[in-house]
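User: I would like to understand how the terms used for this protein are justified. Could you take them up in turn, setting each value against its definition?

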Amino acid sequence: GPLVDTVRAEVAHAATLRGGEAAPGRLTLALLGAVPDDAPEPVLAAIDAAAGAGLGEPHGDGLGEPRGVGLGDPREAAADEASSTLGDEGFVIVRSGTPQGPTTTILAGTGHGLLHGWFHLVREGALAQGGPGAQGARGPEGTSTSTAPGTSSHERGELSVEVHSPAHDLRVLDHWDNVSVHPVMGQVERGYSGGSLFYDDGSLRPDLGKVRQYARLLAASGVNRVALNNVNVGRREAELLTTHLDDVVALADAFRPYGVRVHLSVSFASPVVLGGLATADPADPGVQAWWAQAASAVYAAVPDFGGFVVKADSEGQPGPFSYGRDHADGANMLARALAPHGGTVHWRAFVYDHHQDWRDRSTDRARAAYDHFTPLDGRFDDNVVLQVKLGPIDFQVREPLSPVVLAMPQTRVAVEVQVTQEYTGQQKHVAYLAPQWTDALQARPWGDEGPAVSDVTSGRIRGLDAAAARTEAAASGTKDSGAGAPRTAGGGLAAVSNVGDDVFWTGHPFAQANLYAFGRLAWDPTLTAEQILDEWVALTFGDAPAELRSTVRNLLSGSLDVYEQYTAPLGVGFMVSPTRHHYGPDVDGYEYTAWGTYHFADRDGVGVDRTRATGTGFAGLFPPELAQTYESLDTCPDELLLFLHHVPYSHVLHSGKTVVQHIYDTHFAGVERVEEMLTAWEKVAPLADPDLAARVTERLAEQHRSAVEWRDQINTYFFRKSGVADERGRRIY
Ligand code: GCW
């Protein structure tokens with residue numbers, strides 16, 4: 001198939017780069033369905049390992065007994081088991097030493113699996129050669145001892161065997177690209193990387209060469225699905241489904257060689273807008289027939305089409321509420337149109353009142369998705385994924401996890417993160433976002449013995465009552481209660497892309513690390529942010545001097561903390577400029593608006609009371625222990641304090657500082673850290689490619705200017721409100 005051709009081309013390309021050799025030593029690629037009886041030992045060992053890994057617990061030494069390879073039936077049985085473990089994208093890597101030198105074997109069930117196996121080797125090769133030196137590089141053999149879900153590694157004799165498969169089947173990147181330039185939002189909504197890779201001012205780009213490169217970049221990072229247009233669907237964008245289906249066909253052709261499947265954001269009003277029907281009511285048989293026909297037409301043109309993304313009844317987008325129907329009615333209607341073709345509906349949970357009266361203290365935007373969706377748990381069809389933003393408000397630098405993710409055991413839930421840096425410096429500021437995502441995905445909200453959040457998105461605990469799973473785990477003395485649970489279809493991860501037609505793809509060259517991190521975590525959510533950063537530095541700057549590599553690494557590591565230090569404090573969020581599209585400080589910019597994002601600062605204190613006792617009750621929407629932690633001032637983590645509580649400026653944090661002194665200290669410290677970043681970069685900039693160096697230098701200067709502005713506005717605001725002087729007498733205006 002086309003993916004096998006892609007792998008061949010990739011291997012040949014690597015060989016050219018190395019002057020003839022694809023990899024150090026011998027490389028064998030094997031497809032499960034095509035393994036001859038007299039295949040070499042490493043291939044047979046790979047089959048055994050994959051077959052063994054599929055049985056939940058590895059047998060014996062983890063490799064299982066050799067399965068009578070060559071004896072007919074047992075051999076086939078092993079191959080069948082291997083193929084079910086590896087699925088569409090998994091692979092096995094076997095390394096062995098032979099008299100002819102080291103050999104490496106990649107075995108997979110599909111071309112897609114081989115491609116991921118190949119990229120895995122490339123990554124390890126890069127780490128071995130251009131990793132961040134002594135700090136953090138893994139061994140040249142890349143024999144990681146990770147026991148991530150979907151990864152197992154064993155030794156047998158001289159062979160080392162690793163079995164890999166993705167934790168999430170759905171690893172989606174959503175493009176908020178408009179086909180026609182939007183008068184306010186432009187070509188790409190919240191895009192900070194130039195124009196769209198796909199569209200130019202009303203039509204598809206004639207040359208999709210860059211899209212093909214992009215497909216390669218995504219596959220190498222781990223992403224396997226792309227939604228081709230903005231979730232705010234305008235007229236021209238809606239037409240991708242019907243009269244402009246050719247655009248979708250062309251884009252799908254560009255992505256297909258790398259195994260990336262395309263999805264479309266659709267307008268819920270399509271039957272009216274495109275079909276000329278009088279209604280889009282999901283209960284109307286004419287509407288259902290319209291969608292069924294539209295889906296059939298898409299699949300006739302794009303047989304591997306992924307499905308629909310829907311933003312309904314949200315920020316002005318049409319939805320089922322207009323017809324007195326709920327969101328299960330709406331999502332299922334679309335799901336039934338897609339089901340015969342194997343498609344998926346990603347239904348977004350970003351539903352809230354964006355016409356709120358700021359005087360109304362009873363409405364809490366943080367609760368809205370929970371209140372809308374949790375009563376619908378159990379009503380969604382199997383091919384519906386509820387796509388929930390990571391935080392309950394809107395992609396701020398610091399929010400608690402959305403409680404919706406934890407409260408819908410009978411629904412496939414996807415977590416959506418924002419790779420594009422709308423609220424985290426718009427790709428002018430360095431902000432490596434991976435720590436935010438790993439903190440959330442690796443958290444164990446039912447307690448230390450319970451499952452992790454990624455067990456929900458991967459489907460490992462779907463359908464299980466998480467509290468019961470935890471009790472079971474505690475009783476059996478195992479830590480990870482998800483481990484024994486049968487894996488069902490999870491919702492996966494989704495992210496808003498940060499890529500455009502910019503020469504560095506992402507505006508700030510370092511923002512590429514965020515794209516890479518998303519793909520890697522979607523594949524394996526147990527990786528650490530630092531591991532991923534090592535990989536990205538090695539892959540991106542592998543040829544550069546070690547000093548440059550380690551400086552880039554240091555600039556990115558911790559950069560999100562720096563951003564948090566000089567912007568909105570202690571989880572309170574927003575304070576961004578509404579008029580400058582969420583860039584730069586404006587402390588009261590949203591305070592008297594309809595958007596539901598308030599901080600309630602007055603002369604005495606600041607923060608939003610979301611407790612059960614005296615506030616909006618949001619804190620009570622979490623599993624019991626976490627709810628209790630958030631409810632009480634004694635246990636609420638400092639970094640989320642103002643998201644959950646309204647406190648006086650004199651309130652003493654766990655850190656020992658008062659809230660107002662914390663605000664001053666972090667804002668001064670944040671700017672100092674940006675200054676250190678500037679100095680560090682100046683030293684190594686001459687070692688970098690001159691265009692890249694110039695871009696980074698220019699962006700760092702802007703980050704510094706902006707950080708100073710944030711510092712001074714925030715500090716001045718709180719000084720004037722509270723009248724409390726800085727203990728250290730620094731300059732506040
Ligand atoms: O964060 C907000 C953005 C909107 C976006 C919306 C959403 C696509 O400011 O631009 O609309 O979220 O996620 O739907």
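The exchange below goes through the terms in turn.

Analyst: This is a predicted model, in which local features need pLDDT of at least 70 and side-chain atom pairs count only at pLDDT 80 or more, while totals for chains, interfaces and linings use all residues. Residues are numbered from 1 along each chain as its sequence is written.

User: What makes the radius of gyration of the protein agree with that of a compact globule?

Analyst: The rule for a globule is 2.2 Å times the number of residues to the power 0.38, with the radius taken over C-alpha atoms. For 733 residues this gives a value near 27 Å, and the protein has 26 Å, which is why the two are said to agree. The C-alpha trace spans about 80 × 65 × 60 Å along its principal axes.

User: Why are Arg171 and Leu173 in strand β6 called buried?

Analyst: A residue is buried if 20 or more other C-beta atoms, placed from the backbone, lie within 10 Å of its own (exposed if 12 or fewer, partly exposed in between). Arg171 and Leu173 on one side of β6 (residues 171–174) are buried, and so are Val172 and Asp174 on the other, leaving both faces covered. Across the protein, buried residues make up 53% of the 733 residues.

User: How do you know that β6 pairs with strand β17 and with strand β11?

Analyst: Strands are DSSP runs of E of at least two residues, helices are runs of H or I of at least four, and both are numbered from the N terminus. Two strands pair if DSSP finds at least two bridges between them. Four bridges join β6 to the parallel β17 (residues 493–496), and three bridges join β6 to β11 (residues 225–227), also in the parallel sense; both pairs therefore satisfy the criterion of at least two bridges. Arg171 stands opposite Leu493 in β17, and Leu173 opposite Val226 in β11.

User: What makes Trp176 and Glu189 part of the shell around the ligand?

Analyst: A residue is near a molecule if its C-beta atom, placed from the backbone, lies within 6 Å of it. Among the residues that surround the ligand are Trp176, Glu189, Arg190, Lys311 and Asp394.

User: How are the residues of this shell divided into nonpolar, polar and charged?

Analyst: Ala, Val, Leu, Ile, Met, Phe, Trp, Tyr, Cys and Pro count as nonpolar, Asp, Glu, Lys and Arg as charged, and the others, Gly among them, as polar. On that basis the shell divides into four nonpolar, one polar and six charged residues.
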